[in-house]
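Reader: I'd like to learn how to read a structure like this one. Could you take me through it, feature by feature?

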Amino acid sequence: MKKSYILPILAAGLLFTGCSKENPFGGDSSSEGQVLKSALAVTLNTDETIRQQKATRGDVNLNDFTVVFTKGGAPVAKYKYSEMPEVVTLPAGEYTCSATYGENRVAEWESPYYLGQSETFSVEPMEITSYIDPIECKLENVKVTVTFDPVLVSRMSPDSYVEVKVGANEGLKYTTAEATSEKAGYFLHTAETTLVATFYGQIDGSTTVETKSYKDIQRGCHYKLNFKLHAGGEGDGTGDANGEVVLDATVTTVDVERNVTVDDDPMDPEWSEHPGHGGQDPEPPGPGPEDPKGEAPTITAEAPVNLDIVNDGPSLTSCVLNVHSSSADGFTEFICDIDSPKLDEEELSGMGLSTHMDLVNPGNLVDGLGGLGLPYNVGGKTDVKFDISQFVGLLGMLGEGEHHFIITVTDANGTTSKTLKIKF
């Protein structure tokens, strides 16, 4: 699914109605033309849900985009979209129009940077341009979130954190607070395309510093880093047989534009010396013959639902998804994001629900979820029936519209995301 937010097309016809013979260009206009604001259509190319209920700079308000008209490689006119006049007068010639959101900072929280540019178009003397090819804006920086396995959280010191850097630039520190709130850091994509994540803290009272790296990172991708204890030997299961405590770190790479998993392999380890390891470099952890990596979670639909098409709502007699984890520890994340023109945050809050629902840690959504027969508190479970049949009945009462339910589940073996599409 490509989720597009289209800037409103503003009616401009009234600007030129009537019988007046006055020259609308004004002055000496033989070398000037005009472009209607309504000629611009800017789409934000992202499958990741923009959670407008969070008051952070990660919220993308399309009226805040900056629009620049460029001729011969030089900017001629620049506007904030919300302040752009209905008609822009420009010298005649060949142009491109770019749209940007945010700033491409080195490293900052909740600070996405989007950029797009139109195809070349002409501004003709004494003529009005009423159409420009749509501008598709894509994420240009690198998005990173960090999570800690619950077992690790229970045994690491409260002041522990992971510092993330891209290249040689400054980084950001992810504590349990940032991990719990799913706070995203955005990083400048550089020529040195290596992401380095270093854990600093104490585990069971032992000072621990572990550095992991991931190479060949790409702009426009979301890197989800998960840290957990490495079960490397017999005994209490906290580390290697010699008692050393080490950490595993895995990364799930999601192409924000296409919402597909690019890579779900463990990060390339780079082990640093520290007191917790006695100054020695242990062997990098990884799945072996006795520790096979299982399959990522699966999401399948029961007939008549089909996850590969847009389902016809009125014909759905039931709507059930079966979600399975092959990990013995079950699900660590189970998220349902709702993308619907009729079901915004305000509408759903009246039902005790949200556009972003964490079914592992549902919080105050329990009553709303239970009232519609939806699952909750599913952390650790290996099989979950996601039955929204009652929900579908309510959707039919809202009239025409297409509704998307984006299901994202994670276990020790990886992350899987599927989108259920229903149209009335």
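Reader: Let's start with strand pairing. Which residue stands opposite Asp383 in β27?

Author: Strands of a sheet pair through backbone hydrogen bonds, either parallel or antiparallel. Here, the residue opposite Asp383 in β27 is His324. Keep in mind that you're looking at a predicted model. A second match to look up is Val323, whose bridge partner in β27 is Val384. Altogether, 5 bridges join β24 to β27 (residues 383-387), and the two strands run antiparallel.

Reader: What is the strand order in the open sheet of 3 strands?

Author: The order is β22-β24-β27, with antiparallel pairing. The edge strands, β22 and β27, each pair on one side only. From one strand to the next, the twist averages 20 degrees. On the β22 side, residues 298-301 pair with β24 (residues 320-324) in the antiparallel sense over 4 bridges. You can check one of the matches there: Ala301 has Leu321 in β24 as its bridge partner.

Reader: Which residues of β27 are on its covered face, and which on its uncovered one?

Author: In a regular strand the side chains alternate between the two faces of the sheet. In β27, Val384 and Phe386 make up the covered face, while Asp383, Lys385 and Asp387 make up the uncovered one.

Reader: How many strands are in the open sheet that has β23 in it, and what is their order?

Author: That one has 5 strands in the order β23-β29-β28-β25-β26, and its pairing is mixed. Look at the ends of that order: β23 (310-312) and β26 (356-358) have a single partner strand each, so one side of each is left without a neighbour in the sheet. The twist in this sheet averages 20 degrees from one strand to the next. Inside it, β28 (residues 402-411) and β29 (residues 414-423) pair in the antiparallel sense over 10 bridges. To find where to start tracing them, go to Asp411, whose bridge partner in β29 is Gly414.

Reader: Now a single residue. Is Phe227 buried or exposed?

Author: Here a cut-off helps: buried means under 20% relative accessible area. Phe227 has a relative accessible area of 0%, so Phe227 counts as buried. You'll find Phe227 in strand β18 (residues 221-229).

Reader: Which residues is Phe227 in contact with, leaving aside its neighbours within four places in sequence?

Author: The list includes Val146, Thr147, Phe148, Asp149, Leu152 and Val162. Also on it are Ala197, Phe199, Lys212, Leu247, Asp248 and Ala249. Take Leu247 as an example: Phe227 and Leu247 are 20 residues apart along the chain, and their C-alpha atoms are separated by 6.7 Å.

Reader: What about aromatic rings? How many aromatic pairs does a search of the whole structure find?

Author: A pair of aromatic rings is described by the distance of the centres and the angle of the planes. The search turns up 11 pairs. One of them is Tyr95 with Phe121, a stacked pair with 6.1 Å centre to centre and 25 degrees between the planes. This pair links distant parts of the chain, with Tyr95 in β6 (residues 93-101) and Phe121 in β9 (residues 121-123), 26 residues apart. Both Tyr95 and Phe121 are buried. Elsewhere, ring pairs link Phe65, Tyr101 and Tyr114 into a cluster.

Reader: And which ring does the charged end of Lys37 sit over?

Author: That's the ring of Tyr81, with the charged end of Lys37 4.4 Å from the ring's centre.

Reader: Zooming out, how many helices and strands does the protein chain have?

Author: There are 5 helices and 29 strands. The chain has 424 residues, and buried ones make up 46% of them. As for contacts between residues at least 6 apart in sequence, 64% join residues at least 24 apart.

Reader: Where in the protein chain is confidence lowest, and where is it highest?

Author: The average pLDDT for the chain is 78, and 76% of the residues score at least 70. Confidence is lowest in strand β20 (residues 260-263), with a mean of 38, and highest in strand β14 (residues 172-174), at 97. Over residues 1-25 the pLDDT is below 50, and this stretch has 53 contacts in the model beyond near neighbours in sequence. Residues 49-58 also stay under 50, and the model has 31 contacts beyond four places in sequence for them.

Terms used: Residues are numbered from 1 along each chain as its sequence is written. This is a predicted model: local features need pLDDT of at least 70, side-chain atom pairs count only at pLDDT 80 or more; totals for chains, interfaces and linings use all residues. Side-chain values use heavy atoms; hydrogens and water are left out. Two strands pair if DSSP finds at least two bridges between them. Axes are lines fitted to C-alpha atoms, for helices over the stretch in contact, and angles run from 0 to 180 degrees between N-to-C directions. Buried means under 20% relative accessible area, exposed over 50%, partly exposed in between (1.4 Å probe, protein chains only). Contact means heavy atoms within 4.5 Å. pLDDT is the predictor's confidence in each residue, from 0 to 100. Rings of Phe, Tyr and Trp (its six-membered ring) pair if their centres lie within 6.5 Å; planes under 30 degrees apart count as stacked, over 60 as edge-to-face and the rest as tilted. A charge sits over a ring if NZ of Lys or CZ of Arg is within 6 Å of the ring centre and within 35 degrees of the ring normal.
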